[in-house]
2 protein chains.
Amino acid sequence: MNIGQAARASGVSAKMIRYYESVGLIAAPGRTQANYRVYDAADVHALRFVRRARSLGFSLAETQTLLGLWRDRARASADVKAVATQHVRDLEAKIAELQAMARTLKHLAEHCHGDGRPDCPILDDLSGDGCCATAKG
Amino acid sequence: MNIGQAARASGVSAKMIRYYESVGLIAAPGRTQANYRVYDAADVHALRFVRRARSLGFSLAETQTLLGLWRDRARASADVKAVATQHVRDLEAKIAELQAMARTLKHLAEHCHGDGRPDCPILDDLSGDGCCATAKG
DNA sequence: ATGGGCCTTCCCGCCATGGCAAGGTCAAGG
DNA sequence: CCTTGACCTTGCCATGGCGGGAAGGCCCAT
């Protein structure tokens with residue numbers, strides 16, 4: 001199986017497969033005499049694992065850890081759970097951060113006329129003038 | 001006012017001030033004979049504006065737009081509001097994406113024993129095996 | 001033998017920022 | 001005057017995950 005077929009079978013682009021190999025996330029596969037990479041079903045399975053982990057927002061480093069645990073039949077599920085719950089905490093921290101931005105901005109936008117006049121509480125807030133309707137915090 | 005003083009006064013690092021100048025976000029300031037950048041209070045005000053916009057998650061491009069509107073006394077507040085509400089939509093889309101990840105992961109983690117046994121629904125999900133049955137690898 | 005589709009490596013771009021290095025400048029103190 | 005140390009200058013490298021593209025090799029069908 002060439003890299004293109006593995007890419008189509010796994011949903012990971014050929015470019016990314018090479019990249020994952022280069023950073024040590026997946027092992028270097030065998031090569032043909034013409035130096036083409038050769039993949040098998042297990043490789044495709046691992047690539048799909050990576051794709052799914054990435055789609056859940058795990059970094060490549062975390063994905064590498066998970067891949068290691070996946071391959072380790074003697075793993076403790078607690079180790080997997082620790083990675084997952086830490087990532088949930090990271091996600092929730094990021095969500096809270098974005099929500100704070102959105103909340104502030106929505107509040108400011110609500111108080112903006114949104115017409116042809118130049119007066120704008122959004123710009124007032126950004127400029128730090130603290131003029132009329134600044135909603136900080 | 002040298003760049004270091006402007007950095008301390010604005011909360012934007014000297015490195016970033018130079019970067020913002022290089023990408024055209026802020027205008028190139030005057031220089032001393034020794035080629036040192038010279039800033040005044042208005043520059044610091046603009047830098048604080050940028051810092052606040054960045055802290056609300058606006059990209060540099062959006063920040064540039066907002067800076068232009070800020071400086072344009074004939075602006076229509078509708079233009080500002082449009083940038084802000086679009087950004088709110090972007091933020092909310094990102095939030096929804098992260099929440100979907102967190103939801104899935106929390107669900108999986110809840111069903112993981114988290115003990116010394118190797119069986120783990122998180123890995124099962126990532127490996128695409130399906131839900132609970134296959135513990136073979 | 002030629003065309004096209006695949007493969008290879010290598011480099012550049014994104015975004016926003018930090019870090020480091022080599023050199024110039026300035027003010028204070030010995 | 002000279003040193004010291006804090007500051008400034010430019011420039012390059014790195015991050016994280018990709019995408020794009022160039023230049024060249026390989027394979028298969030016509």
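Copies are superposed by least squares on the C-alpha atoms of residues with pLDDT of at least 70 in both. Welcome to a predicted model, in which local features need pLDDT of at least 70, side-chain atom pairs count only at pLDDT 80 or more, and totals for chains, interfaces and linings use all residues. Residues are numbered from 1 along each chain as its sequence is written, chains are lettered from A and ligands numbered from 1 in the order in which they are written, and side-chain values use heavy atoms, with hydrogens and water left out.

**Exercise 1. Find which rotation superposes chain A on chain B.**

Step 1: Turn chain A by 180° with 0.0 Å of shift along the axis, and chain A superposes on chain B with an RMSD of 0.1 Å.
Step 2: Name the relation; that is a two-fold axis.
Step 3: Look along chain A for the C-alpha nearest the axis, and you arrive at A:Ile95, 2.8 Å from the axis.

**Exercise 2. Work out which residues come nearest to DNA strand D.**

Step 1: Collect the residues around DNA strand D, which number 19 (a residue is near if one of its heavy atoms lies within 4 Å of the strand).
Step 2: Pick out those that come nearest: A:Lys15, A:Met16, A:Tyr20, B:Gly4 and B:Arg37.
Step 3: Turn to the DNA side, where sugar and phosphate make up 72% of the strand D atoms that come within 4 Å of the protein.
Step 4: Check phosphate oxygens of DNA strand D: one lies 2.5 Å from a backbone N or O atom of B:Gly4, and one is 2.9 Å from a side-chain N or O atom of B:Arg18.
Step 5: Ask which helix gives the most to this surface; helix 2 of chain A does, with 4 residues (helices are DSSP runs of H or I, at least four residues, numbered from the N terminus).

**Exercise 3. Decide whether B:Thr63 is buried or exposed.**

Step 1: Place B:Thr63 in helix 4 of chain B, residues 60-71.
Step 2: Apply the cut-offs: buried means under 20% relative accessible area, exposed over 50%, and partly exposed in between, with a 1.4 Å probe and protein chains only.
Step 3: B:Thr63 has 0% relative accessibility, so B:Thr63 counts as buried.
Step 4: List contacts (heavy atoms within 4.5 Å) beyond the neighbours within four places in sequence; among them are B:Leu25, B:Phe49 and B:Phe58.

Terms used:
A polar contact is a pair of N or O atoms within 3.5 Å; within protein, one must be able to donate a hydrogen and the other to accept it, and residues adjacent in sequence count only if both atoms are side-chain atoms. Helices (H or I, at least four residues) and strands (E, at least two) are DSSP runs, numbered from the N terminus.
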